[in-house]
Amino acid sequence: MTPPPPVTDRAPSDPPGGLAPEHSGTFDAALGDAELLAARAALAQGRWQSARSLLLHTGDDWDRRGHRVTVLAAGPGAHSRAGQWLLAEPGSADAATLLALALVHRALRGEEDPEHARASCRTAAGLAPADPTPWLGLLLLARALGPESELTAAFKELRARHPEHHHGHHLLIAGLAERPPGGPESHEAYDTAERAAAEAPADSPLAVLPVVAYAERHRVLAAAGLAPAVPGPAPCAHWTGPRARRVLRAAFDWWLEWEHDEHPRRHLDLNHLAFAMSAAGRPAEAAALFHRIGPHATRAPWSYTGQDPWAAFHQARAHALATG
């Protein structure tokens, strides 16, 4: 079991007043993937060959492929570059998938007809039947635009291709969290997340999914004025019930034993755990997690507080490092 890093009043790289300059004010969806950063920069400059090489090298590492395609597709002009690539290599599944996800992002920004994006995802899925990434595009559209039946249908197809798909499970849980609860500690999102975690291999990052479910419910409750922004002077009741305490303990223990430095979206899990520990009034555990996060803050779940997400991250981190 790997112990957490030593907890001090601040991270070694921080100046006395708080975050180091490189830790402040920005969120980057690439999450420190150096190869992805280089390919994204080249794509923005009109060169799609680096993206081609990156996706070829990524192969069927489906979580990494989904992460890389999604980040590339969100960049400026990605749909034009992917279209140029597809003209140069007609029938390329990688080019078609990048184009489909780029059109999805454009549709989410109101710049593209969602039906065109959906059709492009289905075309890409036909070119690469084993690849869950085109279905991830359909899942992103369904999560944002509905209906819920499309969310569950796209997730079913995605999960059939990769049962542990990290991003896909997060999107499903976010949608389920918006359904009415059955009781104070009873909700379909919690049940679904715990079932997915239990069915996954012991080392799967889906072990953190039950914490994600609680964070998504916090988002819904905070938006309705039923939960406070965090962190606060006292633990948030949403995170201190018996089920929440059990979920946090299991996820933190999993992190200590199984954390995957190589998982492409691990920083998202770390941010969810740090958010949860901060909200539950457990600054020592939160401080250990903030050390691991370093400069890789993620917009979710810090945007769930109703505050500016960077301000929420900064506040929680400062409190944990000062008191943990």
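Hi everyone, let me start with a small space: the second largest cavity is lined by R40, L43, A44, L72, G75, P76 and A78. Before I go on, a word on what we are looking at: this is a predicted model, where local features need pLDDT of at least 70 and side-chain atom pairs count only at pLDDT 80 or more, while totals for chains, interfaces and linings use all residues. Residues are numbered from 1 along each chain as its sequence is written, and side-chain values use heavy atoms, with hydrogens and water left out.

What do I mean by a cavity? On a 1 Å grid over the protein atoms alone, a cavity is a set of points where a 1.4 Å probe fits but cannot get out; a pocket is an open set with protein on both sides within 12 Å along at least five of seven lines; and lining residues have an atom within 4 Å of a point. Grid points are joined across faces, edges and corners, and a volume is the space filled by probe spheres set on the points.

Back to that second largest cavity, then. It holds about 40 Å³ of space. Helix α1 (residues 34–44) provides the largest share of its lining, 3 residues. Helices here are DSSP runs of H or I, at least four residues long, and strands are runs of E of at least two, numbered from the N terminus. By class, this lining divides into 5 nonpolar, 1 polar and 1 charged. For that count, Ala, Val, Leu, Ile, Met, Phe, Trp, Tyr, Cys and Pro are nonpolar, Asp, Glu, Lys and Arg are charged, and the others, Gly among them, are polar.

How many cavities of 30 Å³ or more does the structure hold? There are 2. The largest cavity has about 90 Å³ of space, and among the residues lining it are W254, W255, E259, H260 and H263. Which helix gives the most to that lining? It is α13, with 4 residues, and α12 (242–258) also supplies at least two.

Let me stay with α13 for a moment. Its 14 residues, 266–279, should span 20 Å at 1.5 Å a residue, and the end C-alpha atoms are 20 Å apart, which agrees. The expected span is 1.5 Å times one less than the number of residues. Is α13 mostly covered or open? Mostly covered: 14 of its 14 residues are buried. Buried means under 20% relative accessible area, exposed means over 50%, and partly exposed is in between, with a 1.4 Å probe and protein chains only. Just after this helix, G281 takes a positive phi of about 75°.

Now for the pockets. The largest pocket has about 990 Å³ of space. Of the 32 residues that line it, A29, T70, L140, H167 and R265 are the closest to its centre. Several helices give two or more residues to this lining, including α3 (62–73), α5 (93–108), α7 (133–145) and α13. The largest share, 4 residues, comes from α9. By class, the lining has 15 nonpolar, 9 polar and 8 charged residues.

The second largest pocket has a volume of about 230 Å³. It is lined by 16 residues, with D63, E164, P205, H260 and H263 nearest its centre. Here α3 gives the most, with 3 residues. The classes are 5 nonpolar, 5 polar and 6 charged. If H260 and H263 sound familiar, both also line the largest cavity.

Last topic: salt bridges. Side chains of opposite charge can pair when their charged atoms come close. The cut-off is a side-chain nitrogen of Lys or Arg within 4 Å of a carboxyl oxygen of Asp or Glu, and the whole structure has 25 of them.

Take D191 and R243, which meet at 2.7 Å, N to O. D191 lies in helix α10 (residues 188–199) and R243 in helix α12, so the pair ties together parts that are 52 residues apart in sequence. D191 counts as partly exposed at 35% relative accessibility, and R243 counts as buried at 15%.

Next, R292 pairs with E259, with the closest N and O atoms 3.1 Å apart. R292 lies in helix α14 (residues 283–293) and E259 in the loop between α12 and α13, so this pair ties together parts that are 33 residues apart in sequence. R292 is partly exposed, at 28% relative accessibility.

Finally, salt bridges that share partners join R106, R109, E111 and E112 into one network. Within that network, R106 and E111 have their closest N and O atoms 3.5 Å apart. R106 is buried, with a relative accessible area of 17%, while E111 is partly exposed at 41%. Thanks, everyone!
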